[in-house]
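This briefing goes through one protein chain by topic, from a single residue out to the sheet and the helix packing. Please keep the sequence and the model open while reading.

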Amino acid sequence: EEGLEFVKKLAPDVVGFGAFTNEIIQAADFAKAVKQYDRRIVTLIGSVHVTAIPEETMREFPQFDYGILGEGEETLYAFLQNLGNKEALAATQGVCFLNDAREFVFAGERARITDQNALPFPAWDLFRPASEYILHTERGCPFACSFCMNPNGRIVRSRSPENVLAEIQWLTGIRSPKRI
């Protein structure tokens, strides 16, 4: 209810959700509430669940208009550039959806982002104040655990120490002990 009130106040054109498998039902319930409030709001699902089983996710949860697969930064930007143009979206790598005939549309995976320093810092100023935050300093995992789909690939891509330090300095500047 609180989330829906925020959506109503913000009046967005697009609402995005991220979900691991254990969160997909809750994300879908929220997306359904958004759609019941205003069918014109475009809903997106990203993260691990839809990346692992994109067609199944889009079929099981029609309240999501589009899926953003893999690393979403560049795909989301391309999606927003093409919003409203289904033909362009059908050719956008990393985007999936069901067309009007309920056929699964997916132009293929987008290449992984190799330069992790090129990514912007998270919008830490929009997070709730906390005494601790988790910084992601690399993506990928060299291991092949049978229980993990390893969504970021087997090649570890690290941020530079200078980049990580800059984020810490930026974060401590907006989250000084006086402000928490």
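**Briefing: a residue, a sheet and a helix pair**

Ile24 has a relative accessible area of 5%, and because that value lies under 20%, Ile24 counts as buried. The coordinates behind this statement, and behind those that follow, belong to a predicted model. The protein contains seven helices and seven strands, and, when read along the sequence, these elements follow the pattern α-β-α-β-α-α-β-α-α-β-β-β-β-α.

**Overall build**

- The C-alpha trace of the protein spans about 50 × 40 × 30 Å along its principal axes.
- Of the 180 residues in the protein, 34% are buried.
- When contacts are taken between residues at least 6 apart in sequence, 53% of them join residues that are at least 24 apart.

**Two residues in their surroundings**

- Ile24 belongs to helix H2, and, with residues up to four places away in sequence left out of the count, Ile24 touches Ala19, Ile45, His49, Thr57, Phe61 and Phe64.
- From Ile24 to Gly46 the separation is 22 residues in sequence, while their C-alpha atoms are 10.0 Å apart in space.
- Glu60 is located in helix H4, which covers residues 54–60, and Glu60 counts as exposed because its relative accessibility is 55%, which is over the 50% cut-off.
- Glu60 and Gln81 are 21 residues apart along the chain, and a distance of 27 Å separates their C-alpha atoms.

**The five-stranded sheet**

- Five strands make up an open sheet, in which the order is S1-S2-S3-S4-S5 and the pairing is mixed.
- The edges of this sheet are S1 and S5, each of which pairs on one side only.
- From one strand to the next, the twist averages 25°.
- Helix H2 packs on the sheet, where it touches S1 and S2, and the direction of H2 makes about 170° with that of S2.
- As general background, the strands of a sheet pair through backbone hydrogen bonds, in either a parallel or an antiparallel sense.

**Strand by strand**

- S1 (residues 14–18) and S2 (residues 42–46) are paired in the parallel sense over five bridges, and within this pair Gly18 stands opposite Gly46 in S2.
- Which residues of S1 lie on its covered face, and which on its uncovered one? Val15 and Phe17 form the covered face of S1, whereas Val14, Gly16 and Gly18 form the uncovered face.
- S3 (residues 66–68) and S4 run antiparallel and are joined by two bridges; Gly67 stands opposite Cys96 in S4, and Ile68 has Val95 of S4 as its bridge partner.
- S4 and S5 (residues 104–106) also run antiparallel, with three bridges joining them, and here Cys96 stands opposite Phe106 in S5.
- Cys96 of S4 therefore has Gly67 opposite it in one pairing and Phe106 of S5 opposite it in another, as expected when strands pair through backbone hydrogen bonds.
- In S4 (residues 95–98), the side chains alternate in direction, with Val95 and Phe97 pointing one way and Cys96 and Leu98 the other way, and all of these residues are buried.
- The hairpin of S4 and S5 has five residues between the strands, and in this hairpin Arg102 takes a positive phi near 65°.

**How H1 and H2 pack**

- Helix H1 (residues 2–10) packs with helix H2 (residues 24–37) at an angle of about 40°, and their axes are 10 Å apart.
- Is H1 oblique or roughly parallel to H2? An angle of about 40° is not under 35 degrees, the cut-off for roughly parallel, so H1 is oblique to H2.
- The crossing of these two helices, H1 and H2, is right-handed.
- On the H1 side, Gly3, Leu4, Val7 and Lys8 take part in the meeting, and on the H2 side their counterparts are Phe30, Ala33, Val34 and Tyr37.
- Sorted by class, the contact of H1 with H2 has six nonpolar residues, one polar residue and one charged residue.

Notes:
Residues numbered from 1 in each chain as written. Predicted model: local features only at pLDDT ≥ 70, side-chain atom pairs only at ≥ 80, totals over all residues. Heavy atoms only, no water. Axes fitted to C-alpha atoms, helices over the stretch in contact; angles between N-to-C directions. Helix = DSSP H or I, 4+ residues; strand = E, 2+ residues; numbered from the N terminus. Parallel < 35°, antiparallel > 145°, perpendicular 65-115°, else oblique. Left-handed = near helix turned anticlockwise from the far one by under 90°. Contact = heavy atoms within 4.5 Å. Nonpolar A, V, L, I, M, F, W, Y, C, P; charged D, E, K, R; others polar. Buried < 20%, exposed > 50% of the residue type's maximum accessible area, 1.4 Å probe, protein only. Pairing = 2+ DSSP bridges.
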